[in-house]
Amino acid sequence: MPILRKSIEIAGRTLTLETGRMAKQASGAIFASYGDTQVLSAVTVSDQPREGIDFFPLQVEFEEKMYAVGKIPGGFIKREGRPAEKAILSSRLIDRPLRPLFPKGFRNDVQVVNTILSVDQDNAPDMVAMIAASCALHISKIPFNGPIAGITVGLIDGQYIFNPTVEQEELTEMHVSVAGTADAVMMVEAGAWEIPESVILEGIMAAHEEIKRIVAFIEEFRAEALEMGLASPKIEFVKPAPPEELEAAVRELACDKFAVLMRKCCDERTPKEQREAEIAALEAEVQEALAERFPDDAAVIGDVLYTIQKETMRRLIAKDKVRIDGRLTTEVRPITCEVGVLARTHGSSLFTRGQTQILNALTLGMIGEQQKLDGVSPETSKRYMHQYNFPPYSVGEARPLRSPGRREIGHGALAERALIPVIPDEETFPYALRLVSEAIESNGSTSMGSVCASTLSLMDAGVPITAPVAGCAMGLIKEGDDVTVLTDIQGMEDFLGDMDFKVAGTEKGVTAIQMDIKIPGIDREILTKALAQAREGRMFIMGKMLECLPEPRATISKYAPRIITIQIDPDKIRDVIGSGGKVIKKIVEVTGADIDVEEDGRVFISSVDGTMGEKAQQIIESIVAVPEVGKIYQGTVVDIKDFGCFVEIIPGVMGNKGRDGMVHISELAKRRVEKCEDVCKVGDVMWVKVLNVDPGTGKVKLSRKQAMADLGLSDK
């Protein structure tokens, strides 16, 4: 079988796509190489549509193999298990621009498996996998209105760079992943260090120009693959239309009633649950009226009713510029903010915007409690963690509680990214931070609510963030040339609209963006308007937050641990820990403090009781103390010889031997001393000055005579 390989230069590096050599039984397979990063993307499709579902069953997987970076997986089993958070986020990153480009109504199972085989850290595998997945779909028989391509854009010294290397990632002021077709932008995922909207926009548009070039390359690849018999003709799919007679009957019964109901809900600002109940009652009425005439078509009638509902809402917004809850297109729902709502947490808040409510709690911990990461990326730990939960009662449902899904992980990561630029560094604030956002009521944009609630919890806990962060979710209704951007979208506007565009940031600039769309892309004009409108909404929300708490509290919660950081000589670590950990365990037992000792000699002492933390610090400093030349100590005579006496100047603690030095008989007093006993005896306390510390042996020379003179005391 022939093999097709084609290459293109991206950001000064060569991307090579290959088909015909691997995974030949898949519907389409691409082996992609970018530097030493190598990804196999294989796509498959079921022969028949799945019955009884009303969604497109697409699975996108991002399989990180630890051998890709020369690692053996951790744990007892020593094989890859549940995907790491980074892998889940990469799966979502690829899924989001692909999903809108499949035909509406297509119900065959489609699976996209991206296997990460080799990783060169300078060439991140997520964008490589996105391009490979797009190309694999494009050469397969699967109906797909692509291709798409993706690229990451950074900003260093005012210059945009594509696909930053590890070294460049340390310098870049933003990290923006963009995906799109040749015609428009499909997806944006961004983290930024308070960058102006205009700079972000130009970065997105610069990325799209590069995307156009890559898409053209994929088109060329498919054309050659077809000539070589390595690509397949597409499955012809046309969504079945409802019978004309049935659709006409449903529209005759429902269109006017839906228009009246939607307008009534708009005028009265009807709450979500009441609106949903009235819509359900209307749908039941139509089903009952047509049950005898179309006895076996309840599902088809439901599809037509959904279409009418969507058309009615979109027409109300696009033509009348009025929303289902009566708001203007730029209006934010009513906001209330509370802090300190949980008695024993280190920081807490309750953020309510309309019928979306987030309860947030912050926990401060030792640096040793930071999250350990096991994956193919170079990051091995993180001290700031944000987690998001979405219980079923938040939308009035009763269903089993499960472990966090992809949506929960994605929302948590977005809120985390939004706040990273304002979190104080470890040197300024030596704590691990865990924020948990509980979405206890939901009607749109819980992720941006989580950003706002997290900011309030951080300030409530006394964390010295550099600036408050707020977030706002934007929507879009596009009917032909009529474009309406919506501020602070609620659930129905998200579900029936064309875009979910979330923007978070400070007053200074943007810190995070996440954009998903359901139409084949948007252009510069829409992006510009959405970013500007999002800033207005964000600043309004921030004003409400600062009315509640204008700045971080001066001190941290009395229930939070007080952390003391000291630096010791790494060679002294063994003395602090002791044989089998005996010394450090004893310090913890005596003081009740938690102690973390890092390999570089940093020691973190944590205690809710500040006095006990200081006691632990004193003990550790005593253990590692080194005599300083020229310093005067008050010591105890521990031994006497003919030539002088030995004085302990640093007492031993926790089983460690103290430090002593020798006072030569000539250094005991200004007068001549015949024997040491004429001046001192074992157990006496005396002032001594360190004259010298031998760098080789560590022996310490002391002088009582000079210490007494320096202190102005008589040596008699």
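1. Two strands pair if DSSP finds at least two bridges between them; helices (H or I, at least four residues) and strands (E, at least two) are DSSP runs, numbered from the N terminus. A closed barrel of five strands follows the order E25-E26-E27-E29-E28, with mixed pairing. From one strand to the next the twist averages 55°, with axes fitted as lines to C-alpha atoms, for helices over the stretch in contact, and angles running from 0 to 180 degrees between N-to-C directions.

2. The model is predicted: local features need pLDDT of at least 70, side-chain atom pairs count only at pLDDT 80 or more, and totals for chains, interfaces and linings use all residues. Residues are numbered from 1 along each chain as its sequence is written, and side-chain values use heavy atoms, with hydrogens and water left out.

3. Within the barrel, E26 (residues 644-650) and E27 (residues 659-664) run antiparallel and are joined by six bridges. Cys645 stands opposite Val663 in E27.

4. Val700 is found in strand E29 (residues 700-703). Is Val700 buried or exposed? Val700 counts as buried, because its relative accessibility is 5% and buried means under 20% relative accessible area, exposed over 50%, partly exposed in between (1.4 Å probe, protein chains only). Residues that Val700 touches (heavy atoms within 4.5 Å), not counting those up to four places away in sequence, include Pro627, Arg659 and Met662.

5. Helix H15 (residues 704-711) contains Leu711. H15 lies across E25 (632-640), E27, E28 (685-693) and E29, running at about 110° to E28. Leu711 is partly exposed, with a relative accessible area of 39%.
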